[in-house]
Amino acid sequence: MSRSLLSVDDLGAAGIQSIMRLSDSFAEVSSRSIPRVPALRGKTIAALFYEDSTRTRLSFEAAAKRLSADVMSFAVKSSSMSKGESLRDTVQTLGAMGADAFVVRHASAGAARLVSRWTDAAVVNAGDGWHEHPTQALADCYTLHRRFGGAAFTMAGLHAVIVGDVKHSRVARSNVKAFTALGARVTLVGPATLMPPCLDGWPVSVEVDLDRVLPDADIVYLLRLQSERTDESLLPSQREYTARWGLTRRRAALLPGRATVMHPGPMNRGVEIDPEVADREFCVVGDQVRNGVPVRMAVLFWLLGSGLPTGESSGQVLAVDGGDAHQPDSIGASDEEVR
Amino acid sequence: MSTEAESAPPVMGGVFAARAQVLGPDDVSRALTRIAHEIVERNKGTAGLVLVGLQTGGVPLAESLSSLLTSIGGQAVPVGRMDISFYRDDLGLRPVAPEEATFIPADLTGRVVILVDDVICTGRTVRAALGALADYGRARAVQLAVMVDRGHRELPIKADYVGKNLPTRRDEHVEVSAGGVAIGELV
Amino acid sequence: MKGMVVRGATVVDSSGVRRADVAIDDREIVAVESSIDAAGGRRVVDASGCLVLPGLVDLHAHLRDPGNPECETVESASRAAARGGYTAVVAMPNTDPPIDSVEVVRYVQERATRAMTEVAVAGTITAGRKGERLAPMGEMFEAGVRLFTDDGAGVQDALLMRRAMEYAGGLGAIIAEHCEEARLAYRGHMHEGRWSSFLGIPGIPAEAEEVMAARDIALSRLTGCRLHLLHISTTGTLDLVRKAFKAGLPVTGEVAPHHLSLSDAEVASYDPQFKVNPPLRPAEDVRSLVNALVSGEVVVATDHAPHPADSKELPFDQAPPGMLGLETALGVVWTVLTSGSGLSTGLDDMPVLSFEEAAAVVVEAMSVVPARIAGLEGAQGGTVRAGSAANLCVFDPAATWVVDRNRLASLSANTPYDGRKLTGRVRHTIFRGEPVVVDGEPLR
């Protein structure tokens with residue numbers, strides 16, 4: 001069975017770092033006038049997007065093409081996938097057509113893992129429900145590496161503050177794992193209705209008052225607030241959210257000079273962040289998008305071309321104490337007790 | 001999701017065990033000086049030259065050649081490094097990882113590029129390097145300098161400048177360093 | 001019929017444990033003695049090393065008939081039940097159409113005449129199981145229905161539930177509730193807690209069950225109606241049931257084998273085979289439920305819920321909840337009670353019972369008390385003595401076996417135990433004096 005990137009846990013710190021190192025090489029490739037290498041010539045990558053995400057899909061397609069791979073791209077609305085063909089049938093059909101890797105985006109947590117059970121091809125999780133979005137986290141880590149510099153690809157000593165709708169955010173789950181794996185301290189800030197119901201075992205602290213943590217923040221990661229959250233009575237109103245957890249001009253002034261502001265996009269200007277603050281130099285949203293391509297090139301190359309070992313199998317980051325008789329395989333292949 | 005086998009470290013060639021020293025440090029230095037003079041002679045000076053060392057063994061040799069050429073010609077000869085991992089034709093057959101990102105110091109269009117590597121054997125690395133070079137512009141000419149030519153060519157590629165021709169068996173391994181050239185086996 | 005002798009076993013029932021052979025003629029046990037020879041040409045059924053128990057009674061099986069014959073039928077479910085040692089099952093009414101009228105009751109009863117176990121039909125509380133107005137409970141009661149439930153969903157309207165309990169109480173029927181406050185459980189797919197937070201799967205809090213259990217216990221006090229709580233899954237619900245016992249209320253509760261053996265950590269695989277409603281709970285709840293079973297506070301009911309294979313190949317949140325239960329229930333319960341470890345809880349302070357203690361728990365919780373709740377006493381769940389109905393489960397407590405989803409009698413294969421090793425296996429099942437399962441294989 002081929003290897004896959006389903007979760008940041010599949011990489012661990014060492015794996016994240018080797019992806020970062022590869023990303024440096026692919027950033028160089030991307031900067032050329034002909035940003036293409038023949039590394040994955042003859043490989044076929046199937047992009048299965050069961051959820052609208054043009055940005056992520058284009059980023060993966062650009063990455064695949066710059067590696068000279070062939071791309072089969074399926075958006076749910078334009079194919080038989082919307083006509084009731086099951087996920088399994090689609091995967092097996094594309095497998096029979098020679099797909100070497102599947103890039104899977106799906107509204108259901110665990111969908112990419114299911115796909116990996118049905119195929120020998122490599123599987124990349126491009127976002128599964130509220131669960132994970134590992135390549136976004138890798139792009140974010142790489143963006144921070146480029147900004148903070150250093151050869152070691154570590155975040156030791158940095159304090160990352162993740163603000164907003166953690167509960168429904170695959171980006172937050174992946175970034176908590178990635179940031180803490182690289183040594184950062186992570187604080188989650190937001191209303192209790194938007195926090196996961198149980199944070200036992202998460203290596204994070206939780207704070208309700210954003211003003212209190214900003215002076216000590218190296219990274220402020222703003223999560224997107226979906227408008228339906230107010231319909232579900234998770235929030236009284238967007239206005240109240242912005243007043244309490246938006247990065248307003250007043251709050252931006254609380255940040256230390258070294259701070260970096262991130263957002264997985266697309267930003268709701270005026271909701272999560274003041275429109276003017278969003279355009280300041282410390283807001284690296286453009287870099288996050290730009291770095292997505294070399295990072296995804298690195299992931300595809302790592303899975304299909306490099307022959308490199310996968311990351312430390314002891315890459316569990318979030319500790320969930322579920323007993324050890326049946327070790328959950330979603331948090332790494334190690335037999336070690338997870339604490 | 002990694003299985004046991006996939007997590008195991010890949011075989012990267014093993015550890016080099018030297019059996020015989022073929023060239024000493026002075027021999028290497030003399031060979032480099034000779035190659036530098038051959039380059040100047042053949043190109044009628046150093047103008048328009050760019051040296052590109054192939055990762056990893058060619059990089060220090062290219063840097064030495066660059067300083068030799070600079071002192072002979074009187075003007076700086078730019079030196080870059082190239083990683084050809086993404087251009088190899090044996091991807092997937094063995095572990096391939098770039099050591100460091102490629103750095104090309106100038107637009108190559110119209111220049112004479114001298115590729116520098118420590119050892120040439122099958123010629124496949126050089127073929128990959130020629131493919132990679134094309135992505136940086138259309139060089140006027142590409143020449144090849146190597147410290148050791150082992151023979152065993154599998155492609156129609158020939159070095160322009162050679163430190164030493166060293167007949168070897170396929171299973172032998174040649175190691176080039178500042179300390180000289182040694183022949184031995186990977187164990 | 002010549003009759004038979006079940007030889008070499010240890011008989012366990014409410015009256016205790018003894019070595020005895022059991023002679024059966026026609027539909028009745030005619031003798032239970034330390035040694036009965038095969039005189040009179042009786043067929044000999046070898047049961048050496050086995051326990052002879054009164055046939056098991058399942059209060060909670062989804063037979064999918066009418067409506068989903070590709071999934072299960074009365075016949076296939078009864079075959080699975082017989083293989084699991086059951087001689088009676090209660091057919092839950094959330095079929096298609098639901099069992100909310102005498103016509104559908106009669107349909108299932110007619111189908112049941114060819115079954116390998118007794119089938120008691122449950123009816124819905126509300127018409128169409130829609131939770132809006134009462135189903136004709138009186139007519140269905142006259143057709144033989146003794147248990148009413150909207151299982152699959154709880155009755156959300158408290159006033160309607162009060163009326164249902166008043167009405168059913170007057171009939172002498174029992175109301176069985178699927179405790180789930182729909183708004184609290186809204187869009188949830190697994191237990192809400194550490195694992196759901198970690199896995200990014202929307203959760204169902206324990207309180208969604210407990211809120212409704214508390215309401216219905218209060219309504220039982222108000223109406224005096226007998227109340228049976230289906231598939232109790234949380235420590236909090238058990239606490240409510242104990243309080244109800246103390247107050248002398250007519251309340252009973254059941255626990256499913258999967259809630260006694262599997263924790264929510266299983267969902268980490270994202271395998272929909274572990275999706276069930278109520279969801280698998282944390283190991284601490286599993287331990288509470290096992291302790292409640294050991295102390296006789298709850299009975300075991302399978303919540304046997306067949307689903308077609310393709311529906312369990314969907315992403316977790318799209319797959320239907322439910323697991324097979326009939327064929328594995330006794331093996332699972334026996335393994336849990338005697339191994340101490342459960343199957344997946346990882347806790348080291350689970351109770352460990354001797355064979356005799358475990359057998360006593362099984363007799364009470366899987367046969368005697370369920371028969372009483374279902375209104376089947378007399379025919380089912382009796383003591384193994386001359387004059388009793390010959391419904392027996394012959395069980396080898398030491399046999400180990402590995403569950404193979406492809407070798408089940410059910411038409412579906414959605415067992416969460418595929419590949420798991422269980423201790424204790426049903427060897428023979430005798431239903432109304434006839435061996436319907438011999439050496440683990442159904443005879444029809």
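C:Thr124 sits in a loop of chain C, between strand 10 (118–121) and helix 3 (137–142). Helices (H or I, at least four residues) and strands (E, at least two) are DSSP runs, numbered from the N terminus. The model is predicted: local features need pLDDT of at least 70, side-chain atom pairs count only at pLDDT 80 or more, and totals for chains, interfaces and linings use all residues. Residues are numbered from 1 along each chain as its sequence is written, chains are lettered from A and ligands numbered from 1 in the order in which they are written, and side-chain values use heavy atoms, with hydrogens and water left out.

**Two buried residues**

C:Thr124 is buried, with a relative accessible area of 0%. Buried means under 20% relative accessible area, exposed over 50%, partly exposed in between (1.4 Å probe, protein chains only). A polar atom of the C:Thr124 side chain lies 2.9 Å from the backbone oxygen of C:Thr126. Leaving out residues up to four places away in sequence, C:Thr124 touches several others, among them C:Pro93, C:Asp100, C:Arg129, C:Phe148 and C:Thr149. Contact means heavy atoms within 4.5 Å.

A:Gln136 belongs to helix 5 (residues 134–148) of chain A. A:Gln136 is buried too. The table sets out both residues.

| Residue | Relative accessible area | Citation |
|---|---|---|
| C:Thr124 | 0% | |
| A:Gln136 | 10% | |

The residues that A:Gln136 touches, not counting those up to four places away in sequence, are A:Val171, A:Tyr221, A:Pro264, A:Gln288 and A:Arg296.

**A sheet in chain C**

C:Thr149, a contact of C:Thr124, leads to a sheet. C:Thr149 has C:Ala176 in strand 12 of chain C as its bridge partner. Strand 11 and strand 12 (residues 174–177) of chain C pair in the parallel sense over three bridges. Two strands pair if DSSP finds at least two bridges between them. The open sheet has five strands in the order 11-12-15-16-17 (chain C), with parallel pairing. Strand 11 (147–149) and strand 17 (299–300) of chain C stand at the edges with a single partner strand each, so one side of each has no neighbour in the sheet.

**Helix 1 of chain C**

Eight of the 10 residues of helix 1 (residues 74–83) of chain C are buried, so the rest of the structure largely encloses this helix. Among the buried ones are C:Val74, C:Ser76, C:Ala80 and C:Arg83. Their cover includes strand 9 (86–91), helix 2 (102–112), strand 10 and strand 19 (421–431) of chain C. Just after helix 1 of chain C, C:Gly85 takes a positive phi of about 95°.

**Chain C as a whole**

Chain C has 11 helices and 21 strands. Its radius of gyration is 21 Å, close to the 22 Å that the globule rule gives for 444 residues, so chain C is as compact as a globular protein of that length. The radius is taken over C-alpha atoms; the rule is 2.2 Å times the number of residues to the power 0.38. The C-alpha atoms of chain C fill a box of roughly 65 × 50 × 45 Å, taken along the principal axes. Buried residues make up 64% of the 444 residues in chain C.

**Chain A and the assembly**

Chain A is divided into domain 1 (8–133 + 288–304) and domain 2 (135–287). These bounds come from an automatic or database domain assignment. The C-alpha centres of domain 1 and domain 2 of chain A lie 25 Å apart. In chain A, 33 residues of domain 1 are in contact with 34 residues of domain 2.

Two pairs of chains are in contact, and chains A and C share the most contacts. No contact joins chain B and chain C; their closest C-alpha atoms lie 12 Å apart.

Definitions and conventions: Polar contact = N/O pair within 3.5 Å; in protein donor to acceptor, adjacent residues only side chain to side chain.
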